[in-house]
Amino acid sequence: MTQAPETVFGDDIVAKAQELKGRYPESRSALLPMLHLVQSVQGYVSREGIAFCAEQLGLTEAEVSAVATFYTMYKRRPCGEHLVSVCTNTLCAAMGGDAIYKKLSEHLGVGHEETAGEPGEPGSITLEHAECLAACDLAPVIQVNYEYFDKQTVESAVELVDKLRNGERPKPTRGAELTDFKTAELQLAGFFPEDEERFAADVDGPSAAEETLRGAALAQERGWIAPPMPEEGSRG
Amino acid sequence: MTLAHQKPSETAQTEVPEGHVRLTIDGQEVIAPKGELVIRTAERMGIVIPRFCDHPLLDPAGACRQCLVEVSMGGRPMPKPQASCTITVADGMEVKTQLTSPVADKAQKGVMELLLINHPLDCPICDKGGECPLQNQAMAHGRTDSRFVDRKRTFPKPLKISTQILLDRERCVLCQRCTRFSQQIAGDPFIDLLERGAQQQIGTSETAELEKSASHTPDGTPFQSYFSGNTIQICPVGALTSAQYRFRSRPFDLVSSPSVCEHCSSGCAERTDFRRGRIMRKLAGDDPDVNEEWICDKGRFAFRYTTARDRIRKPLVRGEDGELHEASWPEAMRLAAEALLKARDGKGIGVLTGGRLTLEDAYAYQKFARVAARTNDIDFRARAHSAEELQFLAAQVAGTTPEHVSFASLEKAPIVLCVAFEPEDEAPIVFLRLRKAARKMGTRVAFVGQWTTSSVRKTSGELLACEPGGEAAALDGIAEHAKDIVEALSAEGAVILVGERAATMPGLFAAVQRLAERTGARVAWIPRRAGERGALDAGAVPTLLPGGAPVTDAGARAALEKLWRLPEGSLPAEPGRDTAGILAAAAAGELDALVVGGVDPDDLPDPRAAREALDKVGFVLSLEMRPSAVTERADVVLPIAPTAEKAGTFRNWEGRDRPFEVTLQNTGAVPDCRVLDTLAVEMDVDLFTQTPKAARADFVRAANSVTRPAATPVEAAPEAEQAKAETNGHVKLSTWRQLIDNGSLQVEEPHLAGTARPAVLRLNEATAQRHGIVPGEPATIRTERGELSFPAEIADLPDDVVWVPSRSPVGVYEALGVGHGGLVQLSAGTAAGAESAEGPAGETGGAA
Amino acid sequence: MGMLDPIKGFGVTFSTMFKKVVTEEYPEVFYPTAPRYHGRHQLNRHPDGLEKCVGCELCAWACPADAIFVEGADNTEEERYSPGERYGKNYQINYLRCIGCGLCIEACPTRSLTMLNFYELADDDRQKLIYTKEDLLAPLLPGMEAPPHPMRLGDDEQDYYVRGPELARQAGQDRQSSEVSAQ
């Protein structure tokens, strides 16, 4: 067993890990949030982080590595203060996502999952092109630490990252206030402020924009309805 | 395409038995038990469906998709071909394999083409080439040319995932047999699928592409499993290969011969492959009653001792100059016979046989002792032993058969209680069965031991922790502190397993027997060495004749005298001395000669005294394969054949005979029984053990001619003084041998040695703190005799107890003079000096 | 028997004197074989001298006369005989058994094994007719270096195999140019 994890992860993190473990009937289920927890400490999933999860959950490091190497949200190299994800799936790409990604990449001088600036330092930014961010109606979208910046243009995206580099925290289009990557990771691990107001502020946000409901509104206006489902057994 | 089979079948009238279903495969009706996989039903009918990931002893995975068949239920076809290795039979199911369905055939061909897309086709340099299921399948069903024109996915190759196992990810077809084996069967999930997706690959935590960091110690967890070799055997491609067999030969070079493992007492079926008189590799044989299809890495990889450069191939005689010189057989025999005759007519001869003999050889040794040397001073127990153990063996173990306790009854048992027995280290295949029983049958496995070892963890076991040496008390008090276990033990089929370590604890065998009597549980004894059980039944002990009758039984002696055509009353009637007694007598000058076969003094509780006895005794005859501490002191050394070069039988712990034939013919090596027979002839005595076959026939007659008395209760030995002694700052030592260490049959196996578990000193946190020991830092245990240092590791041992491996590589007995249950001083830091362990301690050595 | 019969006999002798001689003055005159004659085997080398044989035993497998014995072994970074992981450690052809069929040549996946036109394979000692690797290896040409040595022509075996013909051409040119410059 490696002894390193204890030196990196303090008692508070061990306590949090134990709490996570207690949330599930099968302790192994706590692995996904625990990997987020590990990222909230180091800004990425390190070998120590993997050893830590393995030890906490009674798994082998190979089993934890198997999970950590599958999901793109577990970063295997140290990340910057902010993680900027540009959606480059079909709709966003067509609406300008590709151009935004290209421009940001040039502007920051980094490629996919690379960090501009010293990782972890204020103003450092990790860029990634992301798969669908589930906001096609507001395409093209960018996420900073998983908070939405909708309907972006090349110019607004450059402006956004410049602000981030200057240490500013621009307000996301919707949802909670912008923090930094590690703080967001702690929330993803399932730890929120106990203060109810702050908790609400952290997670609340409008769920439907005008664009989201535009199709439904049109359909209602024109009296469109879906065709009836065929009756059971009448197929084939 | 016609859908349903309209032919009115005769079998339609036959009754479908309870729990069975009727289905059609390739137009043939068949009745199969519910829950059977279609691929197995087809196999029983002689219809072979190609497959890679399917393995009858692993849970279905449906990973490779090679076994696709067309299935329709009640005349309604399923929309897509189904994997026959994951779909179970159902009533009215109609299955069409590649033989009758163009759809299934095309699907299988398509899968084959996909599997080959990224396969490097480097068969010429691949160890699997020539016996590769993928190669065979591709030759039989694959396309002759590839339509794939792009760049193949490549990986650096090969990766060493342990010193023995090499991983070539390019060749892998991701069938997950290795990961499933490691996870399900061995319980060592140190390999897993990484990078799921386009770059999907097998790997360990070490091979995972993660940021390198300075604080990480690279010794994490490589593929360190005692069973890792099985993954090589079940790999359907050449993705996993062993460093040992790498590039050594091709299947067509090899002659395969069924054999039996010579290492532990499980008696696994093996297949030994040799090329031009040299063993190239060993594979697990298929014996559902014993090892199923698995063997441990020691059984698989430890065989090159037979070709060790220092192997003794000619008799050696100590000359005037005090050195051993090669001699002819007749000369060596004559010298040995003369010396032994003189000793026999003088103060007598003692015979020490070691635990690695075949049943036939052990029988020959005891007959040699009783007939040629006219003594009962014979003992096979080349390890810590006790009179209580011998009583227990005579009463509970000798003569039992697999009907008493077997591998199968471990699976059926409601509970198995392991006492002083660490299955993974001492009998790995017993461990696999216990794990299987726990996983599949819900068997409870409980351990009376010191800490939650890997055996406890991987069998979902319960630990009844006690101090080393406190096992007997723990068993006696079990009704108070573990009432549920007593209840479970009282149920039908419950089993208690006792290991060889029990002999070091006074009163434990008696306690085991009392517990068994109280609860009705069956007791089995699982020694660590392959020959011990056979030696017991053959009578290579001071108190028992072949067949388990006591030597004090005049009737049995008379029957044997008649059978062996000896004068009446010529067999010695007094029980002989045990190993310790023989050595003490030899040291005290009460014996004139010792006949020693395969004993390593370091295994004995007092190695120094043993060496001293060998030094002092007038004449030592050693029957050995390689130079040892005994041959160093022997006057005549007679070379004997290793297992691969002789025939014989190992009687495994169940009492099951595991006969094997000669693997390497005509090497000129002779088995012990033949050497002893010839030697006896020189002494003017006939043993009739010229060949293993003759020895066996003689043994069977002898065993049948005596009757084994009813079991007698075991008397507890008086408790050793030290158990009551004041501990004053000392800690108690718990120890046993790990599976892979520096045993004499593991020489010249560097790749295997690299997979040994690291030697560490385990203790609990409180004890560590009290002694100022930091985990990972060295800690030292010492006695008056010497000291040993190990890196410390925290485990859940009782307070003031430490655990260390018995060989590391220095033997605990050798270095400290105490064993399991002994008292040692504990301190932080390394040993004071490497020399001091040998220096002053050596003088106090003889005292113990 | 007529009177002229003896002269007739000389006539045959006389006429033969003007025909082409079929007798070969072997061994004084070494007559060349057809270019594709199956003579002695040769184990070829890569342009840098590394062996092409990977010890795969396919030749031994293909051999209908069981005349070939091969044992593979590991290349290490310190001791490299061929590009890649594996090389032929032991290589023997028993010319008492070899029937010259050439199936081994067809089987060889690396074109290591080829046949020369050399046909003087006779001896009075059976032992001498078992040719070992040393006997069979191609001679070192200029620019070649006797193994073991590291790979000189690329980073891995792919470079040797994929760029094989190109490397061979290049090696030939280098040799020519070095010969030119030497002059």
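This is a short walk through chain A, parts of chain B, and the contact between chains B and C.

Okay, before anything else: what we have on screen is a predicted model. Keep that in mind as I go.

Let's start with chain A. We get 10 helices and five strands here. If you box up the C-alpha atoms along the principal axes, you end up with roughly 65 × 55 × 40 Å. Chain A has 236 residues, and 42% of them count as buried. On the contact side, take the pairs that are at least 6 apart in sequence: 63% of those contacts join residues at least 24 apart.

Now, the strands of chain A. They give us an open sheet of five, and reading across, the order is S2-S3-S1-S4-S5, with mixed pairing. Which strands sit at the edges? Those would be S2, residues 114–116, and S5, residues 147–149, each pairing on one side only. Neighbouring strands in this sheet are turned by 30 degrees against each other on average, ignoring direction. If you want one pair to zoom in on, try S1, residues 82–87, with S4, residues 142–144: that pairing is antiparallel and runs over three bridges. Within it, A:Val84 stands opposite A:Val144.

Moving on to chain B. It's divided into four pieces: domain 1 is 10–113, domain 2 is 347–383 plus 533–705, domain 3 is 402–526, and domain 4 is 726–847. So how far apart are the C-alpha centres of domain 1 and domain 3 of chain B? That comes out at 42 Å.

There's a sheet in chain B I'd like you to look at as well. This one is open, with three strands in the order S12-S13-S14, and the pairing is antiparallel. S12, at 255–260, and S14, at 278–284, are the edge strands, each with a partner on one side only. On average, and again with direction ignored, neighbouring strands here are turned by 30 degrees against each other. S12 and S13, the latter covering residues 269–275, pair over six bridges. For a concrete example, pick B:Pro258: its bridge partner in S13 is B:Arg271.

Next, helix H19 of chain B, residues 554–563, where B:Ala556, B:Arg557 and B:Leu560 are buried. Why do I say these line one face? Looking down the axis of H19, the buried residues fall within an arc of 100 degrees, so they line one face of the helix. Turn to the face pointing away from that buried side and you find the exposed residues B:Ala554, B:Gly555 and B:Lys562. As for what covers the buried residues of H19, that includes helix H24 of chain B, residues 692–705. And have a look just after H19: B:Arg565 takes a positive phi of about 55 degrees.

Last stop, where chain C touches chain B. The contact takes 13 residues from chain C and six residues from chain B. On the chain C side, helix H2, residues 58–62, and strand S2, residues 68–74, each supply at least two residues. Which element of chain C gives the most to that side? That's S2, with three residues. By type, the chain C side divides into six nonpolar, three polar and four charged residues.

That's my tour.

Terms used: Residues numbered from 1 in each chain as written. Chains lettered and ligands numbered in written order. Predicted model: local features only at pLDDT ≥ 70, side-chain atom pairs only at ≥ 80, totals over all residues. Pairing = 2+ DSSP bridges. Helix = DSSP H or I, 4+ residues; strand = E, 2+ residues; numbered from the N terminus. Axes fitted to C-alpha atoms, helices over the stretch in contact; angles between N-to-C directions. Buried ≥ 20, exposed ≤ 12 C-beta atoms within 10 Å, placed from the backbone. Arc of directions from axis to C-beta. Contact = placed C-beta atoms within 7 Å. Domains from an automatic or database assignment. Nonpolar A, V, L, I, M, F, W, Y, C, P; charged D, E, K, R; others polar.
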